[in-house]
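Student: I am new to this structure and would like a friendly tour. Could you take me through it step by step?

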Amino acid sequence: MKYETQRIAYPFFAVAMLLFALQIVFGLLAATVYVLPNFLEVAMPFNIIRMSHTNLLIVWLLIGFMGCTYFLMPEEAERETHSPLIAYIQLGIFVIAGVGALVSYQFGIHEGREFLEQPFWVKVLITISFLMFLYNTSMTLLKGRKTAINMVLMLGLWLAAVFWLFAFFNPSNLALDKLYWWWVVHIWVEGVWELIMASLLAYLLIKMTGVDREVIEKWLYVIIGLALFSGLLGTGHHYYWIGAPGYWQPIGSIFSTLEVLPFFAMVMFAFMMFWKGRRNHPNKSAMLWTLGSAATAFFGAGVWGFMHTLSFVNYYSHGTQVTAAHGHLAFYGAYVMMVLAVITYAMPQLRRVQPYNQVMNMWSFWMMTGAMAFMTFTLTFAGVVQTHLQRVLGMNYMEVQDQLALFYWMRLGAGVAVAIAAVLFLYSIFGKVKEQVPAGGPQLAANTGPTV
């Protein structure tokens, strides 16, 4: 760790991981309701559980992105972060907003729009916190070195803030509401967040492979070009059945099909760079999460997205468990795994020790990824059965749900495995360090004092 202000990332990572754990808890509760419908029906209805689960995902990922930015920006800009005080204040504001939203949901206080249920005052606090974050990191960038990585990263973060503003626009017409609602939800996760993911991936590849920056930056430009080209008009695959003009069916089908390309490019990018570069980096677990993120994102966001993105397929499959299968693996591969990869890479440096607990970290990778893959296959099979029985044969919705009970039990089992893997990951990152060796090597032990 070259710059002292990189340590700002530590509290961001700690808060993100706490919310990550809470998200998994609410996910397990939601999965339990699917198999035991009366579970917590009075104390916490299903819509509140699901709302908490999905909102925690968005909040902890945003905090994770902030932590990743505060860690890599000083190195990329070759200067200390503009204002550590602003960083800590904006984290506090964001935490207050997140906790306030979560508590509000438990009392039925929300705006009812999926993923954007936050009360108005929470949205205002999130906006203030994000603007403080953007000011702090942008000033760091402007006063320091400009690289493709930090420029693309900041472009993605600024665009995320711009499109977040549509969360405040809530028209009374339902079709119009959905039209603009996707400008936040879709353009975030299938557009500008891909820029954030690609820049984080490029940063890790430079650090762990030793491949020349120029080579990696050329790949980065190709990926972000594909992401923006396909992602913006690819939003049209959400406009098929909401009352939008019919021309969105061919536009949505064509451009959302092209959304596979940036994720395929990321897979090729990651594996080629590791093949070309040195493969002897000491942080093997960070390498595993990095490669795993690129590969899993390709299958979750690319392949599973393509499976039901064409309008004549989506006519039958939209709103079924096929959508849930795609959503779970896409979010996990593209964003969850990438943040976990950066945390795995950064934490040994933040704690000033050599990479540690790597075997446990790798166990968490394989358990979590295997469980998410199993969950995805389970939900995919459930969605195919649901589509045929409900949309083709015309069976009653609740009758179909009874037919899917076995799949829901398997999904719950996969969720338990994810929770166990998450515990292993958290302990491997924040737990006791066996090898009390400074990151600079044994020769520095006398000068560094006790490890954190």
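Tutor: What follows is a set of questions and answers on this predicted model.

Student: Let's begin with empty space inside. How many cavities of 30 Å³ or more are there, by the counting rule?

Tutor: Rolling a probe the size of a water molecule over the atoms shows where empty space is left. For cavities of 30 Å³ or more, the count comes to 1.

Student: Which elements give two or more residues to the lining of the largest cavity?

Tutor: Start with the volume, which is about 50 Å³ for the largest cavity. Its lining is made by N283, S285, T344, P348, P355, Y356, Q358, N361, S428 and I429. The elements that give two or more residues to that lining are α12 (321-350), α13 (358-392) and α15 (405-430).

Student: And by class, how many nonpolar, polar and charged residues are in the lining of the largest cavity?

Tutor: Among the lining residues are P348 and I429, as well as N283 and S285. Pro and Ile count as nonpolar, while Asn and Ser fall among the polar ones. Sorted in this way, the lining of the largest cavity has 4 nonpolar, 6 polar and no charged residues.

Student: Now the second largest pocket. Which residues of its lining are the closest to its centre?

Tutor: The second largest pocket holds about 160 Å³ of space. By class, its lining divides into 7 nonpolar, 4 polar and no charged residues. Of the 11 residues that line this pocket, the closest to its centre are H281, P282, Q349, Q354 and P355.

Student: Let's go to the surface. Is Y316 buried or partly exposed?

Tutor: Y316 is found in helix α11 (residues 311-317). Together with W241, Y315, V392 and L393, Y316 makes a nonpolar surface patch of about 510 Å². Buried means under 20% relative accessible area. Y316 has a relative accessible area of 37%, so this residue is partly exposed.

Student: What about charged pairs? How far apart along the chain are E4 and R352, which form a salt bridge?

Tutor: By the counting rule there are 9 salt bridges. In one of them E4 pairs with R352, with the closest N and O atoms 3.1 Å apart. E4 is in the segment before α1 (9-35) and R352 in the loop between α12 and α13, so the pair links distant parts of the chain. In sequence, E4 and R352 are apart by 348 residues.

Student: Which residues do salt bridges with shared partners join into one network?

Tutor: E4 counts as partly exposed, at 47% relative accessibility. R352 is also partly exposed, with a relative accessible area of 37%. Through salt bridges that share partners, one network joins E4, R7 and R352.

Student: Why does the salt bridge of E114 and R50 tie together separate parts of the sequence?

Tutor: The closest N and O atoms of E114 and R50 are 2.7 Å apart. E114 is partly exposed at 26% relative accessible area, and R50 is partly exposed at 35%. E114 lies in the loop between α3 (84-106) and α4 (120-142) and R50 in helix α2 (residues 46-77), so the parts tied together are apart in sequence by 64 residues.

Student: In the salt bridge of E75 and K207, is E75 buried or exposed?

Tutor: The side chains of E75 and K207 meet at 2.5 Å, N to O. E75 lies in helix α2 and K207 in helix α6 (residues 174-209), so the pair ties together parts that are 132 residues apart in sequence. K207 is partly exposed, with a relative accessible area of 24%. E75 has 10% relative accessibility and therefore counts as buried.

Student: How far apart in space are F269 and Y203?

Tutor: F269 lies in helix α9 (residues 260-276). At 0% relative accessibility, F269 counts as buried. F269 and Y203 are 66 residues apart along the chain, and their C-alpha atoms are separated by 12 Å.

Student: One last stop: what phi does N357 have?

Tutor: N357 is found in the loop between α12 and α13. At 13% relative accessibility, N357 counts as buried. Although N357 is not a glycine, its phi is positive, at about 45 degrees.

How values were computed
Residues are numbered from 1 along each chain as its sequence is written. This is a predicted model: local features need pLDDT of at least 70, side-chain atom pairs count only at pLDDT 80 or more; totals for chains, interfaces and linings use all residues. Side-chain values use heavy atoms; hydrogens and water are left out. On a 1 Å grid over the protein atoms alone, a cavity is a set of points where a 1.4 Å probe fits but cannot get out, and a pocket is an open set with protein on both sides within 12 Å along at least five of seven lines; lining residues have an atom within 4 Å of a point. Grid points are joined across faces, edges and corners, and a volume is the space filled by probe spheres set on the points. Helices (H or I, at least four residues) and strands (E, at least two) are DSSP runs, numbered from the N terminus. Patches are made of residues with over 30% relative accessible area and no salt bridge: like charges are joined within 9 Å, nonpolar side chains (Val, Leu, Ile, Met, Phe, Trp, Tyr) within 5 Å. Accessible areas come from the Shrake-Rupley method with a 1.4 Å probe; for residues, only the protein chains shown count as cover. A salt bridge is a side-chain nitrogen of Lys or Arg within 4 Å of a carboxyl oxygen of Asp or Glu. Buried means under 20% relative accessible area, exposed over 50%, partly exposed in between (1.4 Å probe, protein chains only).
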